[in-house]
Amino acid sequence: MAVGVLALQGSFNEHIAVLRRLGVKGVEIRKPEQLQSVTSLIIPGGESTTMAKLAEYHNLFPSLREFVKMGKPVWGTCAGLIFLANKASGQKTGGQELVGGLDCTVHRNFFGSQIQSFEAELLVPSIAAKEGGPPTFRGVFIRAPAILEVGPDVEVLADILVPSNKTVDPNSTLDSQEESTGTADKVIVAVKQGNLLGTAFHPELTADTRWHSYFLKMVGEVVEGASSSSIVAVGE
Ligand code: GLN
């Protein structure tokens, strides 16, 4: 039992390291045929335009879409969340190819530019209920997207008050968000829809492994005959 990690660009090594800590092998995926060797996939954070160009170059989009459609568990973090969204808005999004499947609209770079990256304590009741530990999780937001709209089948796992000390890019303003959603004070940053998990932040950059364990449980539920205990027993 192994978890694929899209390894075109971004923080794939960090995801693989957390999986290793949990006793699960992370397999680097760069080519369409490699997807056949795994039953689940993590799409890491990075830079979604660059990642999309590389995915296009390697002709990965059709296989990634097929993978999602087949109901295999896929988790997108940050740029990976943008990949999974049905729709992306915000600066420089025009024409960017998406895998889609997650019924939501994400806004790229919602919180501003790189220097406006931040950490915040998130309330994560669903994660704490399943994984134990504190009711909060320290989210690392690096030029992060936010989820502005979700469809009826999407479960919201975490949201965040828009930090009042954050200024945002002119093309990515809270004003335009206010107009489009009417809720400028809170935005969604983690969702689940069936086999798909999306987080706007980077759990692989913290010591708290509960999001990875949560995803592995999703994998265990899907992979026939697998139980969470057998998943954690695999590997080093
Ligand atoms: N801002 C990046 C993008 O739009 C995502 C940042 C990240 O993955 N940390 O692709």
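How many other C-beta atoms lie within 10 Å of Glu47, and is Glu47 buried, exposed or partly exposed? Glu47 has 15 other C-beta atoms within 10 Å and is partly exposed, because a residue counts as buried only from 20 such atoms upwards and as exposed at 12 or fewer. The structure is a predicted model. The protein has 236 residues, of which 43% count as buried. It contains eight helices and 12 strands.

**Overall organisation**

- Contacts in the protein between residues at least 6 apart in sequence include many between distant parts of the chain: 72% of them join residues at least 24 apart.
- The largest nonpolar core has 65 residues.
- Leu84, Ala85, Ala146, Ile147, Val189 and Ala200 are the residues with the most contacts inside this core.
- Helix H7, residues 210–222, supplies the largest share of the core, with six residues.
- In soluble globular proteins, nonpolar side chains tend to be buried together.
- Ala85, one of the core residues with the most contacts, touches Leu98, Gly100, Leu102, Cys104, Thr105 and Val106, when residues up to four places away in sequence are not counted.

**The ligand and the binding-site residues**

- The residues around the ligand are Gly45, Gly46, Glu47, Ser48, Cys78, Ala79, Ile82, Arg108, Asn109, Ile142, Arg143 and Ala144.
- By class, this shell consists of five nonpolar, four polar and three charged residues.
- An unreviewed UniProt entry gives the feature "binding site" at Gly46, Glu47, Ser48, Arg108, Ile142 and Arg143.
- These positions span 98 residues in sequence, yet no two of their C-alpha atoms are more than 12.6 Å apart, so they gather at one spot.
- Glu47 sits in the loop between strand E3 (41–43) and helix H2 (48–57).
- Apart from neighbours within four places in sequence, Glu47 is in contact with Gln9, Gly10 and Ala79.
- Ser48 belongs to helix H2 and is buried, with 30 other C-beta atoms within 10 Å.
- The contacts of Ser48, leaving out residues up to four places away in sequence, are Ala79, Ile82, Phe83, Gln96 and Arg108.

**The active-site residues**

- For "active site", the unreviewed UniProt entry lists Cys78, His202 and Glu204.
- No two of their C-alpha atoms are more than 11.0 Å apart although they span 127 residues in sequence, so they gather at one spot.
- Cys78 is placed in the loop between strand E4 (74–77) and helix H4 (79–84).
- Cys78 is buried, because 31 other C-beta atoms lie within 10 Å, where 20 would be enough.
- Not counting neighbours within four places in sequence, Cys78 is in contact with Gly45, Ile142, Ala144, Pro145, Ala200, Phe201 and His202.
- His202 lies in the loop between strand E12 (196–199) and H7.
- His202 is also buried, with 24 other C-beta atoms within 10 Å.
- With the same kind of neighbours left aside, the contacts of His202 are Ser11, Gly45, Thr77, Cys78, Val140 and Ile142.

**Strand E12 and its partners**

- In a regular strand, side chains alternate between the two faces of the sheet.
- Both faces of E12 are covered, with Leu196 and Gly198 buried on one side and Leu197 and Thr199 buried on the other.
- E4 and E12 run parallel and are joined by four bridges.
- Gly76 has Gly198 in E12 as its bridge partner.
- Strand E11, residues 186–193, pairs with E12 in the antiparallel sense over four bridges.
- Lys192 stands opposite Leu197 in E12.
- The hairpin of E11 and E12 has two residues between the strands, and Gly194 takes a positive phi near 55 degrees there.

**A residue in helix H1**

- Asn13 is part of helix H1, residues 12–21.
- Asn13 counts as partly exposed, with 13 C-beta neighbours inside 10 Å.
- From C-alpha to C-alpha, Asn13 and Ala190 are 22 Å apart in space, and they are 177 residues apart in sequence.

Methods:
Residues numbered from 1 in each chain as written. Predicted model: local features only at pLDDT ≥ 70, side-chain atom pairs only at ≥ 80, totals over all residues. Core = buried A, V, L, I, M, F, W, Y, C linked by C-beta atoms within 7 Å. Contact = placed C-beta atoms within 7 Å. Near = placed C-beta within 6 Å. Nonpolar A, V, L, I, M, F, W, Y, C, P; charged D, E, K, R; others polar. UniProt positions renumbered as here; feature names shortened; annotations may be inferred. Pairing = 2+ DSSP bridges.
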